[in-house]
Number of protein chains: 2
Amino acid sequence: MMIGEVSDRTGLSIDTLRFYEKIGLIAPPMRNDAGRRVYGKDVLGWVGFLEQLNATGMKQADRIRYAKLHQQGDSTLRARREMLQAHREVIREKLQLMQQTMALMDHKVALYETLEAETETPQT
Amino acid sequence: MMIGEVSDRTGLSIDTLRFYEKIGLIAPPMRNDAGRRVYGKDVLGWVGFLEQLNATGMKQADRIRYAKLHQQGDSTLRARREMLQAHREVIREKLQLMQQTMALMDHKVALYETLEAETETPQT
DNA sequence: TTACAAGCTGGAGTGCGCTCCAGCTCAAGC
DNA sequence: GCTTGAGCTGGAGCGCACTCCAGCTTGTAA
C-alpha cells in the first residue's frame, strides 16, 4: 500500500501519517525503487489502536513511548503490559467521571424542562 | 472571596481564572474599592461544572456559548437544554468507546502475561 | 514607614498536535 | 515527449488553551 491508500483507509491525512513516522509513532515503512513508502497491512491495525489510545486520552509522549517499546520486540512485553495496565486505570476513572457527568446532564435537562414549562405558561 | 482563594479552592490558577473571565466563561465578578475581584461562592459550583464539561470533551467555544446563554437568564433555558442533551449524546458515545478500549486493554494485558511467561521460561 | 504579599492590566510566549507549502522527482497515459 | 498526479523533503505556520511577564497599585503588619 502507498501512503494515499493508508490515508484513505485510516482516515489520517497523508501529512499526519508522515508526521507520525517522524515522531516515532509509526515504524518507517519500506521504500520502493522510487523512494516511496510502501506499507504492509499491519499498519492499519496499528493506527487503529493508536487512535483508541488517543481517543481515551493517552498523550502523544506516552503513545510514542509505547510505540518505541513495541518496535523493540518481546523484551519489552513487561513494560508494555505495565503501560497498558496504567492506562486501563486512567480509563476506568474517566469512565466514572463520564457516568457522573451523564447523570448530572440528565438531572439538569429534567430541571430545565420543568423551568421551561413554567416560563411558557406562568402560573402566578 | 478574592481571586487567590478561588484559585486555591478550584485548583485553577489565578491566570486561568482571569483568562476564563476574559473569554466569557466566568461572569465578571464585583470589584472592591481597590478594584480587585470579589467572587460570590456560586463561582465554585460553576467552575466545577465547567471542569466536568471540559473533562468530558466539550470544547472551549461550546463552553463559552453555554456560559453566555447562562448569563442571559431564563429565556435561554431551551437552548441550554438542547446543548446539554447534545453533549449527553457525545458522552454516551465516548463511554462506549472507553468500555471497548478497556476490554481491549484487558485482552492485551492477558496476552502479554502469557507471552511474558513463555519468554521467561522458554519451552522449546 | 517601610517592607512585602496579593492583586491589577495588556500583551507576549509556550507546548501540543497537527497542517500547509515550495520546490522537487518519478511513472503512466495520451 | 509532455502533461498529470502521486509522492518526496525540510521547514514554516496555525489554533487551542493556557501561562508568564513587566510594571504598576493596594492592604497588612513589624
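Let me begin with DNA strand D, which is surrounded by 17 residues, and the closest of these are A:Met2, A:Gly4, A:Arg37, B:Ala34 and B:Gln60. The elements that each give two or more residues to this surface are helix 1 (3-10) and helix 2 of chain A, joined by helix 2 and helix 4 (60-71) of chain B. Helix 2 of chain B gives the most to the surface near DNA strand D, with three residues, and by class that surface has six nonpolar, five polar and six charged residues. I should say at once that this is a predicted model, so please keep that in mind as we go on.

Now let us turn to the other DNA strand. Which residues come nearest to DNA strand C? Of the 17 residues around that strand, the nearest are A:Ala34, A:Gln60, B:Met2, B:Gly4 and B:Arg37. Here helix 2 (14-23) and helix 4 (60-71) of chain A, along with helix 1 (3-10) and helix 2 (14-23) of chain B, each supply at least two residues of the surface. The largest share near DNA strand C comes from helix 2 of chain A, which gives three residues, and the classes on this surface are six nonpolar, five polar and six charged.

How are the two protein chains related? Chain B can be laid on chain A with an RMSD of 0.1 Å, by a turn of 180 degrees and a shift of 0.0 Å along the axis. The two copies are thus related as by a two-fold rotation axis. In chain B, the C-alpha nearest that axis belongs to B:Leu95, at 3.2 Å from it. Both copies use the same surface, in that 100% of the contact residues of chain B recur in chain A.

Let us look at that contact more carefully, because it takes 29 residues from chain B and 29 residues from chain A. On the side of chain B that touches chain A, helix 3 (42-55) and helix 5 (77-120) of chain B each supply at least two residues, and helix 5 gives the most, with 25 residues. Sorted by class, that side of chain B has 13 nonpolar, six polar and ten charged residues.

Next, consider one chain by itself. Chain A has five helices and two strands, and from the N terminus on they run in the order α-α-β-β-α-α-α. The radius of gyration of chain A is 22 Å, well over the 14 Å that the globule rule gives for 124 residues, so the chain is more spread out than a compact globule. Along its principal axes, the C-alpha trace of chain A spans about 80 × 35 × 20 Å. Of the 124 residues of chain A, 18% count as buried, and among its contacts between residues at least 6 apart in sequence, 48% join residues at least 24 apart.

To finish, I would like to look at a single residue, B:Val43, which lies in helix 3 of chain B. Is B:Val43 buried or partly exposed? A residue needs 20 or more other C-beta atoms within 10 Å to count as buried, and B:Val43 has 18, so it is partly exposed. If we leave out residues up to four places away in sequence, B:Val43 touches B:Val6 and B:Ile26. The C-alpha atoms of B:Val43 and B:Thr10 are separated by 9.2 Å, although these two residues are 33 residues apart along the chain.

Notes: Residues are numbered from 1 along each chain as its sequence is written. Chains are lettered from A and ligands numbered from 1 in the order in which they are written. This is a predicted model: local features need pLDDT of at least 70, side-chain atom pairs count only at pLDDT 80 or more; totals for chains, interfaces and linings use all residues. Helices (H or I, at least four residues) and strands (E, at least two) are DSSP runs, numbered from the N terminus. The radius of gyration is taken over C-alpha atoms; the globule rule is 2.2 Å times the number of residues to the power 0.38. A residue is buried if 20 or more other C-beta atoms lie within 10 Å of its own, exposed if 12 or fewer, and partly exposed in between; C-beta atoms are placed from the backbone. Two residues are in contact if their C-beta atoms, placed from the backbone, lie within 7 Å. Copies are superposed by least squares on the C-alpha atoms of residues with pLDDT of at least 70 in both. Ala, Val, Leu, Ile, Met, Phe, Trp, Tyr, Cys and Pro count as nonpolar, Asp, Glu, Lys and Arg as charged, and the others, Gly among them, as polar. A residue is near a molecule or strand if its C-beta atom, placed from the backbone, lies within 6 Å of it.
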